[in-house]
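Welcome, and thanks for taking a look at this one with us. Here is a short briefing to read alongside the structure.

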Number of protein chains: 2
Amino acid sequence: MAKQKPRTLSGFMELLPRPQQQMERMMELLRRSYSLYGFTPLDTPAIEASEVLLAKAGGETEKQIYRFTKGDSDLSLRFDLTVPLAKYVALHYSELAFPFRRYQIGKVYRGERAQRGRFREFYQADIDIIGDGSLDILNEAEIPAIIYQTFTALGLRRFQIRVNNRRILNGFYEMLGLSDRAADIMRTVDKLDKIGPEKVAALLTGEELGLTPEQADEILKFIGIKGSQGEVLASLEGWRGRSATFDRGLDELTTVVGHLSGFGVPEDHFAVDLTIARGLDYYTGTVYETALLDHPEIGSVCSGGRYDNLAEYYTDKQLPGVGISIGLTRLFYVLSEQGLLNPALPTAPADVLILPMTEDLAPAVALATRLRGAGIRTQLYTEQKKFKQKMSYADKLGVPFVLFLGDDELAQGKVSLKDMATGEQALLSPDEARDRVLSAVAAQALVPPIAEK
Amino acid sequence: MAKQKPRTLSGFMELLPRPQQQMERMMELLRRSYSLYGFTPLDTPAIEASEVLLAKAGGETEKQIYRFTKGDSDLSLRFDLTVPLAKYVALHYSELAFPFRRYQIGKVYRGERAQRGRFREFYQADIDIIGDGSLDILNEAEIPAIIYQTFTALGLRRFQIRVNNRRILNGFYEMLGLSDRAADIMRTVDKLDKIGPEKVAALLTGEELGLTPEQADEILKFIGIKGSQGEVLASLEGWRGRSATFDRGLDELTTVVGHLSGFGVPEDHFAVDLTIARGLDYYTGTVYETALLDHPEIGSVCSGGRYDNLAEYYTDKQLPGVGISIGLTRLFYVLSEQGLLNPALPTAPADVLILPMTEDLAPAVALATRLRGAGIRTQLYTEQKKFKQKMSYADKLGVPFVLFLGDDELAQGKVSLKDMATGEQALLSPDEARDRVLSAVAAQALVPPIAEK
């Protein structure tokens with residue numbers, strides 16, 4: 001028979017068993033971390049009616065969408081988890097309690113140009129808190145704690161959560177009489193790290209934007225504010241009283257910073273960063289980015305912010321919210337490329353592999369049942385192979401323990417347990433073997449999936 | 001602004017938070033159960049190249065496929081998890097250890113005619129054990145244990161695992177000289193429950209199949225074998241020695257039945273059922289179905305069997321295997337319709353809701369951080385609402401505990417913990433409150449998602 005060459009589409013991540021176990025562990029920790037903060041899991045369809053999904057979209061995003069017809073239906077694969085959330089909240093509004101806290105870890109689809117590290121199918125791990133009419137600022141203050149807890153649980157240490165407030169930016173440009181050009185100015189200012197202050201000043205005072213040198217100077221001075229949280233806030237106080245928007249933003253930022261320590265975020269994992277804007281038409285209050293300190297080239301690994309109106313395309317209800325998103329597939333790819341996945345994380349499919357050495361398999365089956373009853377992930381290997389091949393199978397799986405059951409062991413009511421890491425083998429009662437495996441498993445449960453060097 | 005009416009496509013399950021929590025719990029238990037037996041999780045793309053996915057497909061399945069083009073690519077959404085597994089094993093063959101045990105819980109897509117209880121996007125929860133060249137019969141014997149353990153963990157009691165062996169059926173028809181008509185005969189015999197033995201006999205001896213009355217009698221006698229496992233096996237021994245295929249099938253079935261008790265499957269949860277065939281061209285050995293005893297109308301909720309060649313469309317390697325599949329979305333739908341989801345399963349997004357009663361939120365924030373540090377899912381409610389609305393929010397969420405923190409409590413270094421089930425409120429130290437919540441959470445962790453009446 002002619003064979004079809006098996007292949008996986010480029011831009012689609014398909015992991016081998018070991019990295020898949022690492023990914024599963026990361027997802028499990030994300031679920032646990034989000035749950036600690038009272039978020040409920042959601043799972044919306046990957047396919048939506050195109051007119052629903054594209055109520056807002058346009059431009060670059062719309063071009064990337066996987067859109068097709070089936071029968072009479074015009075369908076699209078979701079390209080993020082935010083639009084489906086907006087639809088969900090508008091559709092089920094009367095059945096939800098607000099503030100509505102949900103997390104969703106799901107695949108989204110974007111038909112981007114294929115290139116290394118870019119994915120067309122990728123997981124996003126999002127949390128959002130949606131208010132009904134209003135949403136207290138404390139929700140914005142809580143987000144850095146969730147980011148800190150989440151990345152710490154994953155095993156990361158060298159990261160920083162960077163926060164700004166869009167009202168501060170908008171208010172500042174209002175003071176300078178530049179509200180109409182604020183978006184373009186912010187886009188220019190965003191290049192500061194790349195092209196330096198002089199070129200930014202030249203662009204600002206150039207024909208297109210037409211700022212005065214004084215305005216450009218004040219912008220660069222403002223953007224250049226650095227220091228501890230207290231120092232930055234103190235500097236910002238110098239602009240207070242000239243714009244209600246600015247003052248409100250500064251109050252919000254002060255509240256967010258003020259609760260950090262109560263929420264358990266260490267000072268060195270947080271910074272106020274006035275250069276962060278995060279898109280120009282969506283966020284209205286606090287905005288967040290998260291940088292890996294040793295890998296600035298990766299960009300932000302967890303971003304988001306406060307918005308005023310989640311579902312304006314579907315409902316007249318005012319639904320303000322705050323949310324963050326982790327691009328999980330890309331993060332996993334980058335961690336893997338950088339060698340940051342922890343080799344000590346257990347990735348074997350079983351805690352123990354039983355190798356029966358007798359014709360009669362009944363004792364091995366009974367032992368497997370007993371170990372599984374104790375919660376031990378147990379695999380029975382009964383293929384007709386040579387001993388060497390059986391041990392090679394154990395090695396390939398990476399199981400921490402192999403359990404031999406031969407006539408000698410059976411005669412004594414014992415089992416032989418081999419610790420694959422040390423090579424030590426011990427003759428133990430079944431209960432002793434069970435307890436030894438259980439304590440090893442318990443110790444391994446604390447190993448984080450990420451290990452920095 | 002004109003609004004787009006929010007809607008979810010028909011045939012696509014989108015759950016409210018409470019049922020979603022029930023579904024999540026079921027998935028978590030499936031993952032845990034499959035892991036106990038040494039299966040490793042996989043996650044393959046939902047989109048595959050059409051020529052890869054459709055290497056085998058045809059007929060009804062191909063019509064239902066979501067197929068579309070993006071750029072130059074002819075793409076399809078997967079319609080099951082077996083074809084992607086075949087591709088995966090063929091593609092990554094040299095990097096896998098065999099027998100390869102994998103589980104996958106993922107969404108698949110079929111554009112079926114929309115009707116109640118039929119889904120176009122649905123979860124399948126599959127396990128498969130793939131051998132390289134050969135696969136020991138013990139793997140087939142282990143499958144009923146996995147089914148038993150899985151459904152028991154979910155909370156089901158009234159179910160039965162029904163097993164047959166395709167070699168027994170094929171060998172039996174071989175004895176009668178009816179191998180060429182075996183498929184058609186089995187399709188006819190499959191109607192026994194619906195139309196009764198007389199009409200089946202009429203069909204068998206009718207023009208189309210053309211069996212003699214003696215052949216029809218023997219078939220009905222064979223299919224009608226009932227009784228305990230021992231009785232059925234003893235009856236089958238009466239046919240031994242007339243077909244090598246039959247004899248091998250009977251040996252296999254005897255081995256499978258012989259290990260049941262060692263694998264922990266109670267006798268009353270298992271039956272040999274000679275009417276089970278499960279598709280006519282794929283399975284070659286043991287076949288499995290699982291019936292809910294009080295809901296026979298649902299049909300099998302977990303089915304599968306042994307096959308000889310997983311990936312013949314992609315590789316010359318002989319890869320025999322055995323696998324089972326749970327149609328999870330449909331199962332969840334049916335359980336919900338039948339009122340079998342356990343109302344005692346905790347579905348609140350948090351274990352405790354903190355209601356601060358003071359202007360200064362710092363003590364409430366510190367308390368939330370402390371509880372979360374102890375692993376308690378904690379939500380802080382800080383919206384400016386009346387007390388009644390706050391309690392109504394707690395009720396809607398279904399949180400088991402509400403924690404009040406007012407001036408009185410703070411002055412005494414205490415908190416007020418209200419047990420929402422009993423209505424009792426107690427003034428406790430923060431540690432006492434933590435311990436009380438933790439022990440309630442621990443007790444709830446054992447509540448299964450399904451409860452039969």
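A good place to begin is strand E14 (residues 401-405) of chain B, which is mostly covered, with five of its five residues buried. Please keep in mind that this is a predicted model. From that strand we move to the sheet in chain A, then to a buried helix, the chain as a whole and the contact between the two chains.

**Strand E14 of chain B and its partners**

- The side chains of E14(B) fall on two sides: B:Phe401, B:Leu403 and B:Leu405 point one way, B:Val402 and B:Phe404 point the other way, and all are buried.
- On one pairing, strand E12 (residues 352-356) of chain B runs parallel to E14(B), and five bridges link the two. Within this pair, B:Pro356 has B:Leu405 as its bridge partner.
- Strand E15 (residues 415-419) of chain B pairs with E14(B) in the antiparallel sense, over four bridges. Here B:Phe401 finds its bridge partner in B:Asp419.
- As a reminder, strands of a sheet pair through backbone hydrogen bonds, either parallel or antiparallel.

**The five-stranded sheet in chain A**

- Five strands of chain A form an open sheet with mixed pairing, in the order E13-E12-E14-E15-E16.
- Strand E13 (378-380) and strand E16 (425-428) of chain A are the edge strands, each pairing on one side only.
- On average, neighbouring strands of this sheet are turned by 25° against each other, with direction ignored.
- Helix H13 (residues 362-373) of chain A packs on the sheet and touches E12 (352-356), E13, E14 and E15 of chain A. The direction of H13 makes about 165° with that of E13(A).
- Strands E14 (residues 401-405) and E15 (residues 415-419) of chain A run antiparallel and are joined by four bridges. In this pair, the bridge partner of A:Val402 is A:Lys418.

**A buried helix in chain A**

- Is helix H4 (residues 82-91) of chain A enclosed or open? Nine of its ten residues are buried, so H4(A) is largely enclosed by the rest of the structure.
- The buried residues of H4(A) include A:Thr82, A:Pro84, A:Lys87 and A:Tyr88.
- What do the buried residues of H4(A) pack against? Their neighbours are strand E2 (47-49), helix H2 (50-53), strand E5 (100-109) and strand E6 (121-130) of chain A.

**Chain A as a whole**

- Chain A has 16 helices and 16 strands.
- The C-alpha trace of chain A spans about 90 × 60 × 45 Å along its principal axes.
- Of the 453 residues in chain A, 48% are buried.
- Taking contacts in chain A between residues at least 6 apart in sequence, 69% join residues at least 24 apart.

**Where the two chains meet**

- The contact involves 76 residues of chain A and 76 residues of chain B.
- Helix H1 (residues 17-36) of chain A gives the most to the side of chain A that touches chain B, with six residues.
- That side of chain A has 37 nonpolar, 19 polar and 20 charged residues.

**How the two chains are related**

- A turn of 180° and a shift of 0.0 Å along the axis lay chain A on chain B with an RMSD of 0.0 Å. This is the relation of a two-fold axis.
- In chain A, A:Phe68 has the C-alpha nearest the axis, 3.0 Å from it.
- The same surface serves both copies, as 100% of the contact residues of chain A recur in chain B.

Technical notes:
Residues numbered from 1 in each chain as written. Chains lettered and ligands numbered in written order. Predicted model: local features only at pLDDT ≥ 70, side-chain atom pairs only at ≥ 80, totals over all residues. Contact = placed C-beta atoms within 7 Å. Nonpolar A, V, L, I, M, F, W, Y, C, P; charged D, E, K, R; others polar. Least-squares fit on C-alpha atoms with pLDDT ≥ 70 in both. Buried ≥ 20, exposed ≤ 12 C-beta atoms within 10 Å, placed from the backbone. Pairing = 2+ DSSP bridges. Axes fitted to C-alpha atoms, helices over the stretch in contact; angles between N-to-C directions.
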